[in-house]
Amino acid sequence: MQIINPHFIFTPDKILSDLAVAYDEKIEKIAPLSELETIYPDAKVTQLQENSLLMPGLINAHVHLEFSANKTELSYGDFINWLYSVIENREKLITGCEKECMQKAVDSMLNSGITTFGAISSHGMDLDVCADAAQNVVYFNELIGSQAVMADALFGDFLSRLDSSKEIQREGFYPAVAIHSPYSVHPILIKKALQIVKNEKLKLTAHFMESAAEREWLDESQGDFKDFFSKLLSQNISITDAQEFLAAFDETPTLFTHVTKANTQEIQSLAKNKHTVIHCPISNRLLGNGALNIAQLNENRIPWICATDGLSSNYKLDLFEEMKIALFMHTNTPLLPLANQLIRSVTIDAADALGLNTGAIAEGKNADMLVLDLESAPSEELAIHLILHRYNISKIFINGKTIKG
Ligand code: BEZ
Ligand code: FE2
């Protein structure tokens, strides 16, 4: 058992002071230091400095490590142009991002306080790095392929990647499933994958309604995707529509990423089926996809969480930066409630969506914790200050192990 005695503790609802935390892999007890020292006389006590803040480690539910080599290769501003640039540079980016490059991405997340991440893996090339990462990892094996003739081969490849990830046996590593998107995965493949998800109770994610091109293609088989599909995949009509796609996920709570172009009926379906939306504000801006309607999600009580997406559509993997952009993007949302919701979205709300016992400084939660060095005592507006000021992270704990500090 260890005891840490910070000046302040950030919980989802309030800021605590004059309390210490006893933990091993989990947070065992939160109480005044003298009480904890009586209960755990052999525990090592770490006394923290003035204005230190203990808060939960951050959770980045959506990142693509395999595309971490991108800096200037991909075209920004328009979704379809970006997608063409991804296809054109795919080989170069994938072969240009070997273990060291992905490790750098994982390390950069850790340095910015990310203690859990959801890795969307297209090829399984990031498996070793994720298996060896200090962080908790939800490893989403991605299924892609809209052409029926390719279905068996692509499903076989998906299954073998899923099996490889199931062989990783370590605390904090969770094999999971990603469906790429409605336009890129054949409905028969989706049904087969979801059967596995249900049987094995795996976590599930999918991109959904990211671009105007996706909206038009799914609704009318028209728009920017028409040329794309006819030239590259010899398809003239969409394999599905949004309603059929979403129906496959009914009663299987899923993390849907982007959702910037969803209509009212789809929003109601997300609410009814207890899905969560993953909001990637920087990616949405860079790919010309507009801003997520967070007011509509809040009105419909749809949980939404903030994530970075990959370096293919971002310049860093840093949730403090991501929250800052979100704070400035949603100009009509009252500032302090938005800041509070953003902090929850990368801690307790993200943990709940991923089904993980973390994301809060609370008894019984896994001891995934950060110590931030504030410059003065926190006020009621702490969430705003956490987002605006890059406070130093002096200690990081994951499952009770000291990772930094
Ligand atoms: C496909 O594999 O069918 C696909 C991949 C990316 C975008 C669209 C379709
Ligand atoms: Fe993504």
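This report covers the iron site, the cavities and the pockets of a predicted model.

**The iron site**

Four residues hold the iron ion (ligand 2). They are His62, His64, His207 and Asp309. Each histidine donates through NE2, and Asp309 donates through OD. The coordination distances run from 2.1 to 2.6 Å.

The geometry is irregular. Angles among the four donor atoms span 83 to 170 degrees. A tetrahedral label would need all angles between 85 and 135 degrees, so a site with angles of 83 to 170 degrees does not qualify.

Along the chain, the donors follow the spacing H-x1-H-x142-H-x101-D. One pair, His64 and His207, links distant parts of the chain, 143 residues apart. His64 sits in the loop between strand 8 (58-63) and helix 2 (79-95). His207 belongs to strand 12 (residues 204-208).

Are these two histidines buried or exposed? His64 counts as buried because its relative accessibility is 9%, and the cut-off is under 20%. His207 also counts as buried, because its relative accessibility is 9%.

**Enclosed and open space**

Rolling a probe the size of a water molecule over the atoms shows where empty space is left. In the whole structure, the search finds two cavities of 30 Å³ or more. Pockets are treated alongside them below.

| Space | Volume | Lining by class |
|---|---|---|
| Largest cavity | about 50 Å³ | four nonpolar, one polar, two charged |
| Second largest cavity | about 40 Å³ | four nonpolar, three polar, one charged |
| Largest pocket | about 860 Å³ | 15 nonpolar, 13 polar, six charged |
| Second largest pocket | about 360 Å³ | seven nonpolar, five polar, three charged |

**The cavities**

Which residues line the largest cavity? They are Pro187, Ile190, Lys191, Thr240, Glu244, Phe245 and Ala248. Two elements give two or more residues to this lining: helix 6 (187-200) and helix 9 (242-247). Helix 6 gives the most, with three residues. Lys191 and Glu244 are in the lining, and both residue types count as charged.

The second largest cavity has a different set of walls. Its lining consists of Phe10, Thr11, Pro12, Pro56, Ile343, Arg344, Thr347 and Gly359. Two domains take part. Domain 1 (2-57 + 360-404) supplies at least three residues, and domain 2 (58-354) also supplies at least three.

**The pockets**

The largest pocket has a volume of about 860 Å³. Its lining holds 34 residues. Leu83, Arg90, Ile144, His180 and Ser184 lie nearest its centre. Helix 2, helix 5 (151-166) and helix 8 (224-233) each give two or more residues to this lining. Which element gives the most? Helix 2 does, with six residues. Helix 2 also bounds the loop that carries the iron donor His64.

For the second largest pocket, the volume is about 360 Å³. A lining of 15 residues surrounds this space. Nearest its centre lie Ser68, Lys71, Lys104, Leu311 and Tyr315. By class, the lining divides into seven nonpolar, five polar and three charged residues.

**In brief**

The iron ion (ligand 2) has four donor atoms in an irregular arrangement. Helix 6 leads the lining of the largest cavity, and helix 2 leads that of the largest pocket. The second largest cavity draws its lining from both domain 1 and domain 2.

How values were computed:
Residues numbered from 1 in each chain as written. Chains lettered and ligands numbered in written order. Predicted model: local features only at pLDDT ≥ 70, side-chain atom pairs only at ≥ 80, totals over all residues. Heavy atoms only, no water. Donors = N, O, S within 2.8 Å, 3.2 Å for Na, K, Ca; no water. Tetrahedral: all angles 85-135°; square planar, octahedral: opposite > 155°, others 65-115°. Helix = DSSP H or I, 4+ residues; strand = E, 2+ residues; numbered from the N terminus. Buried < 20%, exposed > 50% of the residue type's maximum accessible area, 1.4 Å probe, protein only. 1 Å grid on protein atoms, 1.4 Å probe; cavity = no way out; pocket = protein on both sides within 12 Å on 5 of 7 lines; lining within 4 Å. Points joined across faces, edges and corners; volume = space filled by probe spheres on them. Domains from an automatic or database assignment.
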